[in-house]
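Please walk through this model with attention to how its helices pack, how its chains touch and how its strands are ordered. The paragraphs below take these topics in turn.

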Amino acid sequence: MTTLRGLGQLTRMEIKLYFREFFAVFFNLGFPLIMLFLFGSIYGNTPNPFFGGYGSVDVLTPAYLAMLIGTSGLLTMTISISTYRELGVLRRYKATPLSPQTLLFAQLLAVFLMLVLGVVLLLVCAKLVFHLRFNGSALSVTGAFLLSSLSFFSLGFVLAGLMPSARSAQAAAMIIYFPMLFLSGAAIPREVLPATVRQVAKVLPMTHVVNLLRGLWVGDPWGKHLTEVLVLAVVAAVGLVVAVKTFRWE
Amino acid sequence: MPPKAVVEIEHLKKAYGDVRAVDDVSFQVFEGEIFGFVGPNGAGKTTTIECAEGLRRPDSGRVRMLGLDPQADGRKLKERLGIQLQETSLPQRMKVGEALALFASFYPKSVDRPTLLKQMGLEDKEGAYFDKLSGGQKQRLFIALAMINDPELIVLDELTTGLDPQSRRSMWDLVRGVRDRGRTVVLITHFMEEAERLCDRVAIIDGGRLRALDTPSNLIRSLSAENRVVFTAEASPKIDGLSSLPGASRVERTNDRFVVHGSSQRLVVEVVNFLDANDIPFRDLRTEQASLEDVFLALTGHEMRN
């Protein structure tokens with residue numbers, strides 16, 4: 001009983017703390033909306049053969065989901081775990097009856113719930129303002145979203161574990177996140193990127209998230225995206241193993 | 001009835017690489033006492049206690065806290081234990097009241113929070129963010145968190161570091177109050193005066209080993225310690241006669257500052273009579289009793305402050 005109560009209270013607290021951090025709120029909730037309204041108002045959402053008969057917003061929205069997953073997993077998760085470790089917050093929690101698993105799960109759950117809030121905001125705005133089209137299966141897209149989140153959250157834990165300080169973890173997260181954001185097609189549609197960039201971007205996990213979500217969004221069968229699924233599953237599995245091995249409380 | 005041991009540590013060892021942080025330490029803490037654990041920084045105090053709390057895994061040795069094995073029954077133990085750690089923090093934007101409510105939710109039972117805030121002098125800080133608190137307020141908040149579950153055993157690591165003299169005294173009263181309610185307190189400190197004034201028994205640890213364990217007064221007596229008479233006087237040939245006083249064992253002199261050592265209770269009378277009889281003007285005369293600091297020095301051959 002106390003475990004569940006503790007988990008609930010800690011998750012609630014983490015969400016409250018999240019709303020007190022301007023940068024967290026801005027990057028997770030505000031930035032994708034700014035992108036949506038900016039590009040949506042420039043290009044509109046009329047069907048276009050350049051995007052296979054879909055509008056800009058139809059193509060950008062699933063890509064922005066990938067961006068949101070990357071922000072939560074790589075930036076928020078890495079920074080919060082490494083900062084809590086450096087300040088000794090994890091140590092203080094560890095001196096309570098709360099189990100270590102509960103403590104980490106609460107952090108994860110709070111970040112994930114904020115990610116879901118970001119997704120809901122984005123989808124509602126895209127639908128209401130730009131008449132977003134969706135031809136896939138909600139279940140498939142949710143499944144792909146969960147798999148992608150798992151692999152990026154485990155990457156966040158790996159970075160927090162490998163980097164010696166909060167400062168270096170934050171720097172590493174930024175260095176990985178920002179180029180990935182622009183090269184993977186998460187911020188700019190891959191159609192406008194040069195062919196060589198698109199080729200190089202195949203090594204980035206976020207590229208596979210973008211391609212998987214965009215594909216399933218317009219109704220592709222899973223069979224068309226086995227490479228993406230395989231890559232993300234391997235990243236998640238390896239990431240989890242490394243995260244468990246490198247995790248430190250202090 | 002023999003006193004009940006709430007902490008039992010036998011042959012505890014813990015090394016970090018080549019450094020033997022804790023080297024075969026054994027002791028017991030009994031129910032209802034304030035037990036002091038003193039020694040310089042890096043002596044192994046914190047490592048010993050963190051092994052006892054289950055926060056670190058010892059290399060070898062047996063640990064029982066409240067009859068429980070901290071490794072196997074960590075959760076049950078922590079429900080009954082209050083811990084104040086060094087070098088911890090809370091999230092910067094967490095409020096004082098929120099922290100207490102959150103930590104209370106981790107335990108099956110908790111104390112009345114407004115009363116606790118008042119005891120800690122934090123009643124008007126309930127809505128303050130953690131990062132806006134002063135060092136002393138943070139320290140008091142951590143002590144409050146250590147007491148939130150009304151623990152049977154409370155372990156305070158450097159209780160009064162960073163506190164002003166007034167809050168230091170009020171923390172000492174608070175610790176005595178906890179003991180008077182039948183709880184047990186383990187106090188880690190490098191502040192000898194605190195150990196001497198507050199603790200029923202004191203363990204002295206240095207270089208990972210237990211050097212002595214007894215009541216502060218027994219420890220001081222065991223030194224067969226000398227008293228000192230300290231005063232300032234102009235140097236004169238006549239003053240050399242001090243060392244031939246029957247009660248004096250030794251005289252130290254730094255410029256015009258004299259320290260006469262001796263174990264006689266009449267030492268101060270002898271010194272004053274001598275100075276008066278020889279017409280030697282003196283000022284700032286006082287006597288000094290041996291303290292726990294002297295015990296430490298005698299046992300380890302070096303001072304507390306490195």
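**Helix packing, chain contact and sheets**

In this predicted model, helix 1 of chain A, residues 2–19, packs against helix 5 of chain A, residues 100–130, at an angle of about 45°, and the two axes are 8 Å apart. Helix 1 of chain A and helix 5 of chain A are therefore oblique to each other, and helix 1 of chain A passes helix 5 of chain A in a right-handed crossing. On the side of helix 1 of chain A, the residues that meet helix 5 of chain A are T3(A), G6(A), L7(A), L10(A), T11(A), E14(A), I15(A) and Y18(A), while helix 5 of chain A brings T102(A), F105(A), A106(A), Q107(A), L109(A), A110(A), L113(A) and M114(A). Sorted by class, this contact of helix 1 of chain A with helix 5 of chain A has 10 nonpolar, five polar and one charged residues.

A second helix pair in chain A can be read in the manner of the first. The axes of helix 3 of chain A, residues 56–87, and helix 6 of chain A, residues 138–162, come within 8 Å and cross at roughly 30°, which makes helix 3 of chain A roughly parallel to helix 6 of chain A. The crossing of helix 3 of chain A and helix 6 of chain A is right-handed. Helix 3 of chain A contributes residues including L65(A), I69(A), G70(A), G73(A) and M77(A), and helix 6 of chain A contributes residues including F145(A), F152(A), F153(A), G156(A) and F157(A). The residues of this contact of helix 3 of chain A with helix 6 of chain A divide into 13 nonpolar, seven polar and no charged.

Which parts of the chains meet is the next topic. The contact between the chains takes 20 residues from chain A and 21 residues from chain B. Helix 1 of chain A and helix 4 of chain A, residues 89–94, each supply at least two residues of the side of chain A that touches chain B, and the largest share of that side, seven residues, comes from helix 1 of chain A. Helix 1 of chain A thus appears both in the packing with helix 5 of chain A and in the contact with chain B. The residues on the side of chain A that touches chain B comprise eight nonpolar, six polar and six charged.

Chain B itself is divided into domain 1, residues 5–221, and domain 2, residues 226–288, and 43 Å separate the centres of these domains, taken over C-alpha atoms. Early in chain B, strand 1, residues 5–16, and strand 2, residues 19–30, run antiparallel and are joined by nine bridges, with L12(B) standing opposite V25(B) in strand 2 of chain B. These strands form a hairpin with two residues between them, and G17(B) in the turn has a positive phi of about 65°.

Further along chain B, an open sheet of four strands has the order 11-12-10-13, with antiparallel pairing. Strand 11 of chain B, residues 250–254, and strand 13 of chain B, residues 282–288, are the edge strands, each pairing on one side only, and neighbouring strands of this sheet are turned by 15° against each other on average, direction ignored. Strand 11 of chain B is joined by five bridges to the antiparallel strand 12 of chain B, residues 257–262, and V251(B) stands opposite V260(B) in strand 12 of chain B. Helix 9 of chain B, residues 267–277, packs on the sheet, where it touches strand 10 (227–233), strand 12 and strand 13 of chain B, and the direction of helix 9 of chain B makes about 20° with that of strand 10 of chain B.

Methods:
Residues are numbered from 1 along each chain as its sequence is written. Chains are lettered from A and ligands numbered from 1 in the order in which they are written. This is a predicted model: local features need pLDDT of at least 70, side-chain atom pairs count only at pLDDT 80 or more; totals for chains, interfaces and linings use all residues. Axes are lines fitted to C-alpha atoms, for helices over the stretch in contact, and angles run from 0 to 180 degrees between N-to-C directions. Angles under 35 degrees count as roughly parallel, over 145 as roughly antiparallel, 65 to 115 as roughly perpendicular and the rest as oblique. A crossing is left-handed if the near helix is turned anticlockwise from the far one by less than a right angle, and right-handed if clockwise. Two residues are in contact if their C-beta atoms, placed from the backbone, lie within 7 Å. Ala, Val, Leu, Ile, Met, Phe, Trp, Tyr, Cys and Pro count as nonpolar, Asp, Glu, Lys and Arg as charged, and the others, Gly among them, as polar. Domain bounds come from an automatic or database domain assignment. Two strands pair if DSSP finds at least two bridges between them.
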